Amino acid sequence: MTKRSKRIKFLSYGLFFYLILALTWWTLLLIVKNNDALNAKIELIKIIAIANNPEISEAQFLKQANVVKLNHDYTRQRNMIIGEATVFIVLLFVGIFQINKSFNREVDAANQQRNFLLSITHELKSPLASIKLILQTFLKRELPKEKKDDLLKSALTESNRLENLVNDLLLSAKLEKAFIPHFEEIPINMLIEHSVFTLGNSHPLAKINLNLPEDDLVLSTDKEGLYAIIKNLVENGIKYNINIPEINIVLTDEPKPQLIISDNGVGIPDGDKTKIFNKFYRIGNEDTRKTKGTGLGLYIVKEFVAALGASIEVEDNSPTGTKFIIEF
Amino acid sequence: MRILLVEDEENIRKVVKLNLEMDDYEVVTTDNGKDAMKYFQEQHFDLIILDIMLPEISGLQICEQIRLTDTETPIIFLTAKDSPPDRVAGLKKGADDYLAKPFNLEELQLRVKKLISRSQKTPKLDMEYYEFGKNKVNFSTFEAKGVNGDITLTKKEAMLLKLLIERKNEVVSRQQILQFVWGYDVYPSTRTIDNFILSFRKYFEENPKEPQFFKSVRGIGYKFLE
């Protein structure tokens, strides 16, 4: 939170506190004044009553119709004042709570936007910088063949990285506005096996275990969407990991078709579990970040899951890592 | 000339290192701030190139830390953050230059060359004779008349004495002494300098236990006062 928003928060709490104090004070004052007015009126009636009948007793006086009515009115007014004050305070609390909530949401959104700008800047410029440097080195230097090949490979890796990023950006833009899933009957086992084969090739160090039912499960779904879901979840499990990555993919048919993808990565703190599917959300501070990314992956997953009419849940995996459960 | 390159993008690190090495610099690289601080404390560098977005400790923090003890070694930021406030923040932390990615290789080479040549203020050390208090030192014959008698200085003693006198009233850090007098680029953790200073006090101080000329500055280095 910035200094300015902290100051605004501090000011609004101060104002709130003052309002409560002022309200309490005015309420008490009103009750006291009302009481004084009642006593004065009763005193007046008493003087008149004693003038009319000097023998009147206190009990008789209190039973007089106008005194009873005065007392009754006073009690009603006091209850009204207390009631009004209570309603006011409750409304004030509700209002402040709502303001606070939307204020926090605004701050979160601004932070997210800032994080996105930082990460996207970094993610776009770093591969560009690498490729440019490599090309300039080629222009400037005479290099031995081995060195040349090594640099060319690096340049290719960087351009792939750039390509992936551009794809993610385009995909998330498309998902927002123009995506219509193309439903067809697909044998899911095959699609998963195929995805894992592709992912295994690009992440040779990771271990990806499959546990599929013997009979091919056929679902009416969108190929591109399902592949994007699997790819993003598996790659996250590999990326946010300090162990040798091990990903388990389980497909079950009982009672409903479920796809469970779990990893042995660093896991997701409980406070972040509800936010990770937000667009551009990344856990932690972008300035001192261990992993590179844009906060688009899980957003893409969420949007595809919704488009396919499925649901997704996130849980802690034991002993470490995260478990995503997709129910079709 | 030695350069410390702190960059967490593997390919940028590789290519920048390659180019600087082809320009005859010795390049030490790391991808994180923790190691960067460690290398900085243990070794001599003529220039430091820092990325800003780094794991755990940001480049800005590293720069700030370095500037607490060393205001001379030139620092260049090499970063994807290129907005004017980012540049200002970087320069405010004590960097000498700021280069935004993607940058031109030649531009980096030129800036590195310029900053290094500008910071090479080797001490003049051409003085032949010096007097302080009741002491007289002749640097050409290595002979000295101290308050406690005549001494013949060793070559290293003479160099250290010259360096301290040259920087009169300034703190000279252990690193600077080790680099200049002993020519170490990687600093050994010896008590050698302490022993030299003890000898100086014995030669030149009236009361070596309460030195008037050769002061230690705890945790940083030594100071010659006159």
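This report describes a predicted model with chains A and B, beginning with its confidence and moving on to the contact between the chains, a helix pair and a sheet.

## Basis and confidence

The model is predicted, and local features need pLDDT of at least 70, side-chain atom pairs count only at pLDDT 80 or more, and totals for chains, interfaces and linings use all residues. Residues are numbered from 1 along each chain as its sequence is written, while chains are lettered from A and ligands numbered from 1 in the order in which they are written.

For chain B the mean pLDDT (the predictor's confidence in each residue, from 0 to 100) is 88, and 96% of its residues reach 70 or more. For the complex, the predictor gives an ipTM of 0.72 and a pTM of 0.68.

## Chain A as a whole

Chain A holds eight helices and seven strands, where helices (H or I, at least four residues) and strands (E, at least two) are DSSP runs numbered from the N terminus. Of the 328 residues in chain A, 21% are buried, a term for residues with 20 or more other C-beta atoms within 10 Å of their own, the C-beta atoms being placed from the backbone.

## Where the chains meet

Contact, which requires C-beta atoms placed from the backbone to lie within 7 Å, joins 21 residues of chain A to 22 residues of chain B. On the side of chain A that touches chain B, the elements giving two or more residues are α3 (65-140) and α4 (145-177) of chain A, and the largest share, 13 residues, comes from α3(A). The residues of this side of chain A divide into five nonpolar, eight polar and eight charged; Ala, Val, Leu, Ile, Met, Phe, Trp, Tyr, Cys and Pro count as nonpolar, Asp, Glu, Lys and Arg as charged, and the others, Gly among them, as polar.

## A helix pair in chain A

The axes of α6 (residues 223-239) and α8 (residues 297-307) of chain A come within 9 Å and cross at roughly 150 degrees, with axes fitted to C-alpha atoms, for helices over the stretch in contact, and angles running from 0 to 180 degrees between N-to-C directions. Among the residues that make the contact are Ile229(A) and Leu233(A) of α6(A) and Val301(A) and Phe304(A) of α8(A). By class, this contact has nine nonpolar, four polar and no charged residues.

## A sheet in chain B

In chain B, an open sheet of four strands runs in the order β6-β7-β8-β9 with antiparallel pairing, where two strands pair if DSSP finds at least two bridges between them. Its edge strands, each pairing on one side only, are β6 (129-132) and β9 (149-152) of chain B. Within the sheet, β7 (residues 135-138) and β8 (residues 143-146) of chain B pair over three bridges in the antiparallel sense, and Val137(B) has Ala144(B) as its bridge partner in β8(B).

Key:
Two residues are in contact if their C-beta atoms, placed from the backbone, lie within 7 Å. A residue is buried if 20 or more other C-beta atoms lie within 10 Å of its own, exposed if 12 or fewer, and partly exposed in between; C-beta atoms are placed from the backbone.
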